[in-house]
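Student: I would like a close look at one part of this model. Please take me through it step by step.

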Amino acid sequence: MAELAQPPRRFREIARVKLADAHIQTALDDSTDRLRTHRLHAWSDLPEVQELRQRAHEIRMSVIDDLDGHVERFTAALSARGGNVYFARTAEEASEYVANVCRRRGAKLAAKSKSMVSEEIGLNQALEAVGTQAIETDLGEYILQLAGEHPVHIVAPAIEKTAEDVAELLSAVRGKRIPPHLEELTNAARTQLRETFLNADVGITGVNFAVSETGSICLCTNEGNGRLVSSIPPVHVAIMGMERLVPTTADLAVLLKLLARSGTGQKLTVYTTLLTGPRRAGETDGPEELHVVILDNGRTNLLRGRYREMLACIRCGACLNVCPVYRKTGGAAYSDVYSGPMGAVLLPLLVGLQHAPSLPHASSLCGACTEACPVKIPLHELLLDLRRDLVAEGVASWAERVSFWLWSWAWSRPFGYRASTALARLGQPLAGLVGPGRAWARVRALPRLGRRYRDRR
Amino acid sequence: MRDDAEHKADSAAAEVGARQCRDAAGVTLVEEFVANAEAVGCHVYRGTGPDIEGAGVSTALYGLADTGSVVLAAAPDEPRSRSLLPDVHVTMLAEDRILPGLDELFATLGADLPSALAIVTGPSRSADIEQKLAVGVHGPREVHVVLLPSA
Amino acid sequence: MPSVQLFATCLGDLVLPEAVADAETLLRRAGFDVVFPRRQVCCGQPAFNSGHHAAARRVARGFVRAFSRELPIVCPSGSCATMASHYLPELVGVEPFEVWELSAFLVHAGFRPLPRNTGRRVAYHDSCHMLRELNVSAQPRKLLRASGAELVSFSRPDLCCGFGGTFSVRQPEVSVAMADEKLAGAGGATIVTSDPGCLMHLRGRAERAGGPDVVHLATALVRSASG
């Protein structure tokens, strides 16, 4: 988990770099605008969308309230079908389990379909250590893997890459020049990755939802790589955060109706696949072995407290697409895994506030995220609560706490207010030189303090 | 030989038959399916389908009218890769197997789930390069649905 | 004659005294006697939004001491109206106050502004609190149209201006990038807003980097959008 920790000034430093890059700014504007518009259309085309949001919220909360029970039921149901279920308390346990599966199978090549949890635990590095090369097959993630970078958006991971960037990366791997045209780039990626699908010893996927009643896992992709990775290689390993459970397939339907509509505006992703155990007798393809790794990695800490609603997140990306701050900075400023409003809430909860102190303040609290969330997580309220925790847990700086204490002492009485503001008025020429005044005045004109309203009446 | 899935399909079909009467908008399930399937980029045929060399030809278990999806279940005679690896996927779907949507699908299937149930809505696509739509990234580039009239 | 209490807000009192005076004028024109409780200072929002609840509570108690519950409180700031009505009661442990944002109150009272803005193009900026927490977005527009103004839409009216209280100084680069987008999205029209925080931030940026005039709603209705 230490890899997820964020040094204090990271957000501001990376934000500066992204703000200065006109191409990235255009890419962020265009892609978030498009995805947001698609979601708005999809929601407005669905008359029952508000009821579905409420039901989805209730379904997710009912699972959070009995998570242990659901994990047990899921494990029993899938085991009865011949699947293997492993509950991993930590990132290390999860990586070790998967690495052991690969080692036991002598796996040289693993084909990976999108899994944010696998990034969270640093799986690819753990596999390399046992001699298994993990290739990302989601087109955007593959491009980033070739570039040695991390995804910057839940749904559109390679937002910041141009066609020229992609052409350069693919040309290097294909060993011949590929022009930066969409069709040719797509064909090159398809041909290259086809070999990966066909030759992989192990297929590794994430899980969008798991159904506790039936022991099924649901994968949603547009490309088909999730299906390929879970059908062709002889072993399929699926990794999920433990909060991904839903009780029944009827509940799954509610969430599926919201997921694609909220993420990309589609009614359903092209491939919505429900997998229930490994291949059955007589089937000619499908994995012989199915392993589902259920990951805790700090989620248990959220179960009983004020932040439990954050576990309802279905990773659709809708909050990223409406966030005015994400629009300017992109995902890298937040972390290499989770970003935008959901990242600003989840990351401090997983790694501890002291390891991500700027994230709760990387927001203007506009509330657009809460409006956009299909499962009605009150994201901006949780950010406000995290800010309170920063102070209560002593993470907020000593200088800040003293400043607010002094301010509150003065401003809780009319005399103190008058005296402090009279001083401020006198000190105006200096205001732009230190502290918050300086941060303001570097980029904006400072407001002028004249006669107060109360003295003019 | 009729198995559980076929019995379930029959009762679903009876329900669907009752609903074949036009809904408030004057649209049948079949018409709704065709409109939505074409909207996501499928080619839809009534009765006989195209003869495309190298196409993977599968039989769909169900269709979903509200999204234009075909539902494929892995089985000994329906390998998963048939609808995945070829460039062109042709699927046969009986009209009386078209259900309104996901709710009805899961209600009909109950606890009797295949090892892999693929709900496929159009050809494979990605918008990962500059947010522009590319078709046929990994899965089939073309999906052809052949609707077979009810028995 | 019915009476209301005017909550000037700390930013109003210190930085936008003319706008507060205009708000008082509007309330009088609407037929109300305006009481200004002299002990008022601040609702506590700056500290509250930064997570300093004890500090916020101390200041918010001053609000509770200053205002009576006999008369409605009207305030020319969407964010302060939200703080005082939605968050302050639980913070301090008191019964809710009847707090109105200015435009919501004026429309509720059936007020019709004078035609000061005939032929003038304005872009109205919704502050996030008013838009999402108070659901007050139709009323300011109704008043502006009634004053003769031609309303133009921002290209992305839903986007925050970037003030966000201490956010404006914790992440100043992102904050002004958001301001720049807002200023550019007004299509050259004067920007009118109901929130002193948004106003101070947008006007400050426009003065430094260039941009349209930014005017408080009360001023636009009493004098005109040219300020």
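How many residues of chain C are in contact with chain A, and how many of chain A with chain C?

Tutor: First, the ground rules. This is a predicted model, where local features need pLDDT of at least 70, side-chain atom pairs count only at pLDDT 80 or more, and totals for chains, interfaces and linings use all residues. Residues are numbered from 1 along each chain as its sequence is written, while chains are lettered from A and ligands numbered from 1 in the order in which they are written.

Now the count. On the chain C side, 50 residues are in contact with 50 residues of chain A. Contact means that the C-beta atoms of two residues, placed from the backbone, lie within 7 Å. Several helices of chain C each give at least two residues to the side that touches chain A; among them are α1 (10–15), α2, α4 (53–66), α10 (172–184) and α11 (196–209). Helices (H or I, at least four residues) and strands (E, at least two) are DSSP runs, numbered from the N terminus. By residue class, this side of chain C holds 24 nonpolar, 13 polar and 13 charged residues. Here Ala, Val, Leu, Ile, Met, Phe, Trp, Tyr, Cys and Pro are nonpolar; Asp, Glu, Lys and Arg are charged; the others, Gly among them, are polar.

Helix α2 leads on to the sheet of chain C. That sheet is open, has four strands in the order β2-β1-β3-β4, and pairs in parallel. Strands pair if DSSP finds at least two bridges between them. At the edges sit β2 (33–35) and β4 (99–101) of chain C, each paired on one side only. On average, neighbouring strands of this sheet are turned by 40 degrees against each other, direction ignored. Axes are lines fitted to C-alpha atoms, for helices over the stretch in contact; angles run from 0 to 180 degrees between N-to-C directions.

Look at one pair of strands. β1 (residues 3–6) and β3 (residues 73–75) of chain C run parallel and are joined by two bridges. Opposite C:Leu6 stands C:Val74 in β3(C). Helix α2 (residues 17–29) of chain C packs on the sheet and touches β1, β2 and β3 of chain C. The direction of α2 makes about 175 degrees with that of β1(C). Helix α5 (residues 78–92) of chain C lies across β3 and β4 of chain C, at about 165 degrees to β4(C).

So α2 of chain C has two roles in this picture, because by the DSSP numbering one helix supplies at least two residues to the side that touches chain A and packs on the sheet.
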